[in-house]
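Okay, thanks for coming, everyone. Let me put the model up on the screen and then walk you through it.

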Amino acid sequence: MTTYMPLDCDGFATELADYLEGEAPDAVRAAMKSHAAGCADCRQLLEDIGTIRDEAAALPTLTPSRDLWAGIAERIDAPVISIEKKRSTIVVRRAWMRPAIAAAALVVFTAGITYSITSRTIKGGGDSTAAAPRQVATATPAPAPSIAEPPAPSVSTSGTNGTTTASAPSTSTRNVERRGTGERREPEGTSSRLVANGERVMDETQPMYDREIDKLRQIVKARRTQLDPKTITVLEQSIAVIDSAIAQSRRALKADPASGYLAKELNQSLEKKVELLRTAAMLPART
Amino acid sequence: MSAVALPESMTVPSSYAGDSDVALAAAGDRRAFERLYHLHVNRVFSLCARMVTDRTRAEELTQDVFVRAWEKLHLFRGESAFGTWLHRMTVNVVLNARKTEGRNRARFEDDEEGNGVDSLPSRPLAPGDRMDLEAAIATLPKGARRVFTLHDIEGYKHEEIAEMLGVTSGATKAQLHRARLLLREALNR
């Protein structure tokens, strides 16, 4: 086959890679040799590449700048945690997490019930009227929605039919989230109904708070040995302060059962207590 | 041409040197593994250094290779020489490190078509100086350098390189040719 012959310099360059790889057909090889014999530049190119290839193959081994064994030994000497050991670690961790998971589940459960009761109460208060939109309970990210009412001075309750009037307008600070949609709507006219039904709502939610607090207390009690004593002390002091606030609110609410303000105060105190106990229940064990 | 003969570095240490140590190390003898380390460290380091051009990184990778070898030694069946097995593992460790650290370009070289700024020779060249081959290799673009190192220095065949790099053997041949021409230019020949 002579189609490759004679080769010019471009043809030589094109065939060079295959030639160097030993993959060029015999005719091409012959043409390459023939061209190189008559072309100093291409001959030089061939020689240079041959030299580079030979020198590369003969390059000496390199030496690290330091002894690398110490680092390797350190890594291979590191204790290997067997699968069994890993399992036991997981079990221990799970055991530790159990109270925390229970606390979280409890909070979610209670939040759902509180929300449900609150919603039902709002729906059921259709006979209430409101002169103006009122401030309702401040929304908090805490699991159980707040259910209390605006400051007492601006609220008066007639006592008949649960009708409540508000003497001065105030800004609504709470939006109600529509279940499942994430959409928020302004609960127009609901604040007064809440005031009217505040007492009833509190009657229904108080036992739930009490139950939740009781259960969280048990969890925290079971975890006492895992927590730092200083943390326990701080926790107990905080709970004492909150308990005092709760007791005061309850006493005041007993004297004025229709006060939305007092209901709100009580609600917030209970909320704080739940939150504090929940945090304590989920605290990591001391190391 | 013809196939490139296996370079000296491929046969030193000899194929079955340290066989007893391999068996001992596979059984958990750390001292035997240390002897294997001393026998092979320079070869492993050389490959790492030429593949990544950063000597500090190459030292880290060399350690990675031996740690991995220790972990995988029980899988070594003796179907090839330990040196060959280790060498292949070195290539894999380097290539995997490059994949996982692809985002951290600062410690590696430039992209495929980069100019290898970070791999310039440590000693600046004076006018008229000729760059030595080692320094010239370090200035090659990544793809060309990898193929050149594996083929012309380490003696792998195109098919093996293609498999390791996940490309076709046609691509590795093209990269090799490109690398040789670039080196000729860099060496001012």
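Before anything else, a word on handedness: a helix crossing counts as left-handed when the near helix is turned anticlockwise from the far one by less than a right angle, and as right-handed when it is turned clockwise. Keep that in mind, and keep in mind too that this is a predicted model.

So, with that definition, which way does H7(B) pass H8(B)? The crossing is right-handed. Here H7 is residues 142–153 of chain B and H8 is residues 158–165 of chain B, and their axes come within 10 Å and cross at roughly 140 degrees. Angles over 145 would count as roughly antiparallel and 65 to 115 as roughly perpendicular, so at roughly 140 degrees H7(B) is oblique to H8(B). On the H7(B) side, the contact is made by B:Arg146, B:Val147, B:Leu150 and B:His151. H8(B) brings B:His158, B:Ile161 and B:Leu165. If you sort that contact by class, you get four nonpolar, two polar and one charged residues.

Okay, stepping back to the chains. Chain B has nine helices and zero strands, so reading from the N terminus you just get α-α-α-α-α-α-α-α-α. It has 189 residues, and 38% of them are buried. Looking at contacts in chain B with a separation of 6 or more, 59% are between residues 24 or more positions apart.

Chain A is a mix: eight helices and four strands. Along the sequence the pattern goes α-α-α-α-α-β-β-β-β-α-α-α. Of its 287 residues, 30% count as buried. And for contacts in chain A between residues at least 6 apart, 75% join residues at least 24 apart.

Now the core. Which residues touch the most other members of the largest nonpolar core? That core has 57 residues, and the answer is B:Cys48, B:Leu61 and B:Val94. The element giving the most to this core is helix H3 of chain B, residues 30–52, with 11 residues. Take B:Cys48 as an example: leaving out residues up to four places away in sequence, it touches B:Ala58, B:Leu61, B:Thr62, B:Thr90 and B:Val94. There's also another core, apart from that one, with 16 residues, including A:Leu253, A:Leu262, A:Ala263 and A:Leu277.

Just past H3 there's a spot I'd like you to zoom in on. B:Thr53 lies in the loop between H3 and H4 of chain B. Most residues other than glycine have a negative phi. Phi of B:Thr53, though, is near 70 degrees, so a positive value in a residue that isn't glycine. Buried or exposed, what does B:Thr53 count as? Buried, because it has 23 C-beta neighbours inside 10 Å, and the cut-off for buried is 20 or more.

Last bit: the interface. Here 32 residues of chain B are in contact with 25 residues of chain A. On the chain B side, H1 (8–11), H3, H4 (55–72), H6 (133–138), H7 and H9 (169–186) each supply at least two residues. Which helix gives the most to that side? H3(B), with eight residues. By class, the side of chain B that touches chain A comes out at 14 nonpolar, seven polar and 11 charged residues. So H3 of chain B turns up twice, giving the most to the largest nonpolar core and the most to the side of chain B that touches chain A.

Terms used. Residues are numbered from 1 along each chain as its sequence is written. Chains are lettered from A and ligands numbered from 1 in the order in which they are written. This is a predicted model: local features need pLDDT of at least 70, side-chain atom pairs count only at pLDDT 80 or more; totals for chains, interfaces and linings use all residues. Axes are lines fitted to C-alpha atoms, for helices over the stretch in contact, and angles run from 0 to 180 degrees between N-to-C directions. Angles under 35 degrees count as roughly parallel, over 145 as roughly antiparallel, 65 to 115 as roughly perpendicular and the rest as oblique. Two residues are in contact if their C-beta atoms, placed from the backbone, lie within 7 Å. Ala, Val, Leu, Ile, Met, Phe, Trp, Tyr, Cys and Pro count as nonpolar, Asp, Glu, Lys and Arg as charged, and the others, Gly among them, as polar. A nonpolar core is a set of buried Ala, Val, Leu, Ile, Met, Phe, Trp, Tyr and Cys residues joined through C-beta atoms within 7 Å. A residue is buried if 20 or more other C-beta atoms lie within 10 Å of its own, exposed if 12 or fewer, and partly exposed in between; C-beta atoms are placed from the backbone.
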